[in-house]
Amino acid sequence: MRLTTITLAATLTVAGVATAGTVAPGDVAFDEYGAVEMSLSGAAGDAVNGEKIMVTKSKGNCVACHAVSKLSYAPFHGEVGPQLDWAGDTWSQAELRGILANAKKTFEGSVMPAFYKVDGFVRPGKGYTGKAADGPLDPLLSAQDIEDVIAFLMTLKEE
Amino acid sequence: MKIKALTAIAAVLLSAPAFVAADEDAELIVNGEIEMVTKTAAAPHLEGALDEVLSGWLFRADETQSLQADDFDNPGMIFVDQGMDDWGTVDGSEGKSCASCHGDVEDSMAGIRAEYPKWNDTAGEVRTMAQMINECRVDRMGAEAHGYTSAKMARMEALISVQSRGMPVNVAIDGPAADMWAQGKEMFYSRTGQLELSCASCHEENYGNRIRSDHLSQGHINGFPVYRLKNAKLTTPHGRFKGCVRDTRAQTYSPGSDDFVALELYVASRGNGLSVEGVSVRN
């Protein structure tokens, strides 16, 4: 958690963006359809970084489950989730934020992991070590990472 | 589910032509004589979960599939030979080998792999084949137990599995084994780790789909131990389970633990009706 906050703070300072502050994972306000209106980081997203997060295995690794034509340079897209080529037409920013933060609030029983959730897990591990977690968990993506991914998803539209 | 899968497949064909679709109708005949059942009606206890059970072999690429069709091509058979050497080798304080008590492995071990894990009356619990191997080593040979997922254990399991190749998996789930089976079933459907995925998330809801570069199978263990091209070693059932649980960002269970024995019993029973294929070949 500490690390994430520091990196985040650094990013924000460098970008010179004033921020209303980060919403903690436990404080995310989902509406009844699972959407989240307010930016999680208080700052705008960076689509270029969002694209990187989607193809990076240790970050979002979204292509493990979703095919995205625009990202075809990254090998091996999955078929577990729907193709995301038109995500920016299909969904609003608030809906995408909700799906990223905790997809189960939008799609009941979904296999899509919640990227901004830190508790309520069964046998939580220490990353991919197979050992028990030895402290509070970080969310899979930081608040700003999620805003960045949303910014990228919003570019996925039919021309 | 169907529609989603179709759209996704179309998308993948467009975007990543490197994928070679595995042939799900392929037939497996080993050495031109052992006809394997790689696809059959699911056992009654899978009603509502699966209609048909499919061997993991069907989900592998053509080249990997063909390695399993002939023992000369199957790199896992080397370990069977090593297991055969161990079978006749005296070890431990009692001056015995496996052969001292069991004689010819082809006769004494035929059909064994097909029925394990199995309720053991004397022990009063469900036992895996690995546990039985260690029971013989420790209690009857006075030798050291093999590590549960060690190379020596895996090759002994490989030797014993080969004696049942082509026989249908036939794991009993009733009687005294019923409680442990129920526990294993519960585990199969429990979502673990920070990714909140269960065995069923991948191997029941998504078999046939790609997850990154992998083609998800139904997760049966009729082909175990499997030889993995990736690390040129044999993998045992508990070794595989451990890897899959770890991949949900969870704390895994220990190989040989009651939890994994229960899970093995349940997973093995899902494959009832498929042929014993071990040693099979995987990527």
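A residue counts as buried here when its relative accessible area is under 20%, as exposed when that area is over 50%, and as partly exposed in between (1.4 Å probe, protein chains only). The model is a predicted one, so to speak of local features takes a pLDDT of at least 70 and side-chain atom pairs count only at pLDDT 80 or more, while totals for chains, interfaces and linings use all residues. Residues are numbered from 1 along each chain as its sequence is written, chains are lettered from A and ligands numbered from 1 in the order in which they are written, and side-chain values use heavy atoms, with hydrogens and water left out.

Chain A comes first. Its secondary structure amounts to five helices and zero strands (DSSP runs numbered from the N terminus, H or I over at least four residues for a helix, E over at least two for a strand), giving the pattern α-α-α-α-α along the sequence. Of the 159 residues in chain A, 46% are buried. Among the contacts in chain A (heavy atoms within 4.5 Å) with a separation of 6 or more, 56% join residues 24 or more positions apart. Chain A shows about 8200 Å² of accessible surface, 58% of it on carbon and sulfur atoms; the areas come from the Shrake-Rupley method with a 1.4 Å probe, and for residues only the protein chains shown count as cover.

Next, the meeting of the two chains. Chain A puts 38 residues into the contact and chain B puts in 32. Together they bury about 3100 Å², with 55% of that on carbon and sulfur atoms; buried area is the accessible area (1.4 Å probe) that two parts lose on being put together, summed over both. On the chain A side, E79(A), R123(A) and Y128(A) provide 27% of the area buried against chain B, more than any other three residues.

The interface also has two salt bridges, a salt bridge being a side-chain nitrogen of Lys or Arg within 4 Å of a carboxyl oxygen of Asp or Glu. K117(A) and E196(B) form a salt bridge, at 2.9 Å from N to O. Polar contacts link 12 residue pairs across the interface, both partners at pLDDT 80 or more. Such a contact is a pair of N or O atoms within 3.5 Å; within protein, one must be able to donate a hydrogen and the other to accept it, and residues adjacent in sequence count only if both atoms are side-chain atoms.

Over all chains, the salt bridges come to 15. One of them joins R113(B) to E264(B), with the closest N and O atoms 3.7 Å apart. R113(B) sits in helix 6 (residues 112–115) and E264(B) in helix 12 (residues 258–270) of chain B, so this pair ties together parts 151 residues apart in sequence. R113(B) is buried at 6% relative accessible area, and E264(B) is buried too, at 4%.

Helix 12 of chain B also holds R270(B), while E204(B) lies in the loop between helix 10 and strand 7, so that pair ties together parts 66 residues apart in sequence. Their side chains meet at 2.7 Å, N to O, in a salt bridge, and both residues are buried. That loop of chain B is home to N206(B) as well, which is buried at 3% relative accessibility and whose side chain reaches the backbone oxygen of S201(B) at 2.9 Å.

Elsewhere in chain B, D247(B) and R246(B) form a salt bridge at 3.4 Å, N to O. D247(B) is partly exposed at 40%, and R246(B) is partly exposed at 33%.
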